[in-house]
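Reader: Could you walk me through this model before I look at it in detail? I would like to go through it topic by topic.

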Amino acid sequence: MRDTSSRFCLLSVVLGVCITVGLSAQTPQPGIGLDLEEIRAIANRVRAGRSLQPDTWPEGARVAVSISFDVDNDTIAIARNENPSIGAMSQGEYGARVGLRRVVELMDRHEIPASFFIPAVSLVLRPDMVDVIQASGRHEFGVHGWIHELNTELDAETERELVTRALAYLTEATGSRPVGYRAPSWNFSPSTLSIIRGLGFMYDSSLMADDRPYELMQNGEATGMVELPVEWILDDAPLMNPRGDRYTPPRELLQVYIDEFDKAYEEGTMFLLTTHPHIIGHRSRIIILEELITHIQARGDVWFATHQQIAEYVKQQARME
Ligand SMILES: [Zn+2]
């Protein structure tokens, strides 16, 4: 490969030194060859449109709070390995056996609604999870792929077939048709928006262009699709992985969540947290979720809602179809 690193001799006449600025020869940069029209076309494939932040939240609340649980369990281990590690699968199975009951008990004890995004295969392996989640009548089911597939690695037809199959399975298993979609690993392909629009989803919750709800644009056109944005800093998975390179102790992470909430409260917007039963459901972590809820509830004027309730409300406020 041609060495593309650049050498700049700065002030060499005066100082007699030459500074080397190393641009890695390994990093592809196809964007530098694009013209402006091509750049706009790429950026506009899926883009944030108008903010759907309402003037007021229901019940006079100052901020909307929505907690989601992605019930991935062992699907990632099974989807991504020819011969899945039994140890890795058991780490995910903890979600079904222990974590889910713990998070549902916490939500129900505080009478807080939550949204559960479930890869269909999680329910295939543990269909009893439906009853656990449905017992309070307060929670929402959302689609989270068939087997936690990575959409950008699939052709459009395969992606469409898997989401369609997952939607049908969840509809049958839960008794109602989910209206929310969350891409597994938030891995949103160039085909995803067309697919979920075609399947009639009301909202997506996989993208990150704002703290507030917004409308998704596709190729410069408004879609009527609500986006409830997420963020990796508001996700327990990467920061609570003790074998990862960004590990954050749970009580330090609690402070991040509290700061995020406090700022959302000050600005009167939305606080949306993504967690996983097989991660947050461990003993030393469920404690911080409860402390976070206690902190939020102490504010008083907070609207706890499912993602669906927020999407419905902001659509109605914005007079979207
Ligand atoms: Zn997931």
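Author: What follows is a short exchange about a metal site, some strands, a helix and a few single residues. This is a predicted model, in which local features need pLDDT of at least 70 and side-chain atom pairs count only at pLDDT 80 or more, while totals for chains, interfaces and linings use all residues. Residues are numbered from 1 along each chain as its sequence is written, and side-chain values use heavy atoms, with hydrogens and water left out.

Reader: Let's start with the metal, then: which residues coordinate the zinc ion?

Author: The zinc ion is coordinated by Asp72, through two OD entries, and by the NE2 atoms of His144 and His148, at 2.1 to 2.5 Å. Donors here are N, O and S atoms within 2.8 Å of the metal (3.2 Å for Na, K and Ca), and since water is not among the atoms, sites may look incomplete. Along the chain the donors follow the spacing D-x71-H-x3-H. The site thereby links distant parts of the chain, with Asp72 in the loop between S4 and helix H3 (75-79) and His148 in the loop between S6 and helix H7 (156-174), 76 residues apart. Helices (H or I, at least four residues) and strands (E, at least two) are DSSP runs, numbered from the N terminus.

Reader: And are Asp72 and His148 buried or exposed?

Author: Both Asp72 and His148 are buried, where buried means under 20% relative accessible area, exposed over 50% and partly exposed in between (1.4 Å probe, protein chains only).

Reader: Moving to the strands, what pairs with S5?

Author: S5 runs parallel to S4, with three bridges joining them, and S5 is also parallel to strand S6 (residues 140-143), to which four bridges join it. Strands count as paired if DSSP finds at least two bridges between them. Ser115 of S5 is the bridge partner of Ser68, and Ile118 stands opposite Val143 in S6.

Reader: Which residues of S5 cover its two faces?

Author: In S5 (residues 115-118), Ser115 and Phe117 lie on one side and Phe116 and Ile118 on the other, and all of them are buried. In general, side chains in a regular strand alternate between the two faces of the sheet.

Reader: What about Ile67, which residues does it touch?

Author: Ile67 lies in strand S4 and counts as buried, at 1% relative accessibility. Leaving aside neighbours within four places in sequence, Ile67 is in contact (heavy atoms within 4.5 Å) with Met107, Ala114, Ser115, Leu273, Ile293 and His307. Its C-alpha atom is separated by 6.2 Å from that of Thr274, 207 residues apart along the chain.

Reader: Ile293 brings me to H12; which of its residues are buried?

Author: The buried residues of H12 are Arg285, Ile286, Ile288, Leu289, Leu292, Ile293 and Ile296. Seen down the helix axis, these buried residues fall within an arc of 155°, so they line one face of H12; the arc is that of the directions from the axis to the C-beta atoms. They pack against several elements, including strand S4 (63-70), helix H4 (86-109) and helix H10 (250-267).

Reader: One last topic: where is Thr192, and what does it contact?

Author: Thr192 lies in helix H8 (residues 192-198) and is buried, with a relative accessible area of 1%. Beyond neighbours within four places in sequence, Thr192 is in contact with Asn151, Glu159 and Tyr181.
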